[in-house]
Amino acid sequence: MLYFYSMAKAILVYIFILLFSFEGLYAQTDTPFYKGALKENREKHYRNLIDRTITKNLSLAPNEENESLWEDAFWAIELIQYRSPSLKPKIKIAFDSAQRRSHSFQRSLLELVYAMYPKEYAKEVSAFLQSDSAKIFAMAAEFLSAFPEYKKKLPAIVRTKFKNNLSHPIIKSLLYNLEGKKIFPDKKSLAELFNKKYLKGYTILYSIQRKNRNYPGLAIVKDANGNFVKDKNGKIFNVPQLARSINNLPGYLSKGNTPQGIFSIDSFDISRSMFIGPTTNVQLTMPNETSVQHFFKDSTLTDTIWTEALFKKILPASMKNYFPIFGTYYAGAAGRTEIIAHGTTVNPEYYKGQPYYPHTPTEGCLATKEIWNGLTGKLEITNQQKLADAVAAAGGANGYCIVIEIDDQQKSVSLTDILYLLQ
């Protein structure tokens with residue numbers, strides 16, 4: 001749920017606390033204030049990430065004692081998109097010792113090269129195909145699938161290595177990505193998904209995405225009566241929404257892109273994370289992450305174990321066998337948690353030149369654009385509050401969030417692209 005915090009990042013968080021301190025981080029005023037958004041503080045933060053978190057941490061030996069510091073450095077490199085010739089020797093050192101390191105270190109290293117060096121290190125990554133960890137194996141296979149010399153061989157390798165465990169949610173999702181074609185829901189299926197009668201009685205937040213998550217998607221909201229929320233001009237309410245993670249890994253993997261599928265909307269909240277900010281966020285849970293009763297919002301249900309058949313009950317008839325919409329089911333079964341819809345205080349300038357700029361990627365959440373004034377520290381633009389208000393107006397948190405990829409066009413989703421589905 002929260003943007004970038006784990007035990008492996010404890011040192012980095014401590015630095016933030018020293019720099020900005022929670023007291024006065026967010027002022028409770030009509031216009032939110034974030035001290036870290038001030039120009040001088042963002043510059044200080046950037047230098048500290050390079051000098052203390054990247055350069056200093058990578059000067060240490062990558063042994064058991066220092067593993068978490070190297071993981072902090074890998075994450076910081078991804079966060080600020082840091083590129084320097086000095087990193088290559090360090091990455092070589094990391095690979096040379098990787099087989100003796102923890103799974104956490106291995107995952108961090110694979111995330112780094114997937115995010116920053118997608119056309120290099122194929123030979124080094126191929127060594128991870130020997131791993132007994134389904135997650136590490138899958139990360140390596142997803143990375144190598146971009147290389148022609150590996151792509152055709154990978155399905156057979158997966159089926160041989162995991163022949164007794166092909167139903168594992170990670171392996172099943174991996175095989176679909178390796179063997180499946182790029183398929184998208186047809187017009188009939190999409191029309192049913194957006195139909196006024198589908199999940200009537202619940203608030204529905206739709207996040208409509210492209211296959212290529214470098215391009216922002218679009219969020220719209222349907223109220224409990226089945227009507228799409230409109231703005232003051234009578235136009236269907238919509239805001240751009242990014243469903244891309246920093247590493248751009250597939251959604252079934254931890255910290256990967258937001259998976260397709262259905263989430264339960266549980267509540268609204270205000271984060272204390274320095275990366276999310278004080279704007280109202282929408283709390284979400286996936287199948288397997290929460291109980292059957294909670295997800296279906298029905299305390300009378302007697303099922304206690306999640307199954308694909310149970311999940312199918314909430315799907316439109318035409319999509320019950322559409323594998324991609326099971327993304328949340330398999331991601332939850334694989335152990336993903338804490339995916340929410342939130343704002344951001346991350347400096348968008350890290351990503352200038354990217355198709356999603358000035359949006360900022362996350363660790364797999366749905367994120368809307370927020371712009372903070374570098375001179376005043378105040379929030380200037382907030383699509384997130386607009387979205388939270390729309391969900392509240394539609395009936396509140398009693399509902400579902402549906403993430404769906406509609407095609408593979410290389411452009412952002414606009415309202416014009418989907419109007420024909422909403423009429």
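Mentor: Helices here are DSSP runs of H or I with at least four residues, strands are E runs of at least two, and both are numbered from the N terminus. The model is predicted, so local features need pLDDT (the predictor's confidence in each residue, from 0 to 100) of at least 70, side-chain atom pairs count only at pLDDT 80 or more, and totals for chains, interfaces and linings use all residues. Residues are numbered from 1 along each chain as its sequence is written, and side-chain values use heavy atoms, with hydrogens and water left out.

Trainee: Which helix is E67 found in?

Mentor: Helix α3, which covers residues 67–80.

Trainee: Why is E67 called buried?

Mentor: Buried means under 20% relative accessible area, exposed over 50%, and partly exposed in between (1.4 Å probe, protein chains only). E67 has 9%, so buried is the word.

Trainee: What makes the E67 and R101 side chains a polar contact?

Mentor: You need a pair of N or O atoms within 3.5 Å; within protein, one must be able to donate a hydrogen and the other to accept it, and residues adjacent in sequence count only if both atoms are side-chain atoms. E67 and R101 come in at 2.8 Å, so the pair fits.

Trainee: Which residues is E67 in contact with, leaving aside neighbours within four places in sequence?

Mentor: R101, S102 and F105, where contact means heavy atoms within 4.5 Å.

Trainee: What is the average pLDDT of the chain?

Mentor: It averages 93, and 93% of the residues score at least 70. Over residues 1–29, though, pLDDT stays under 50. Where pLDDT is low, the predicted coordinates should not be read in detail.
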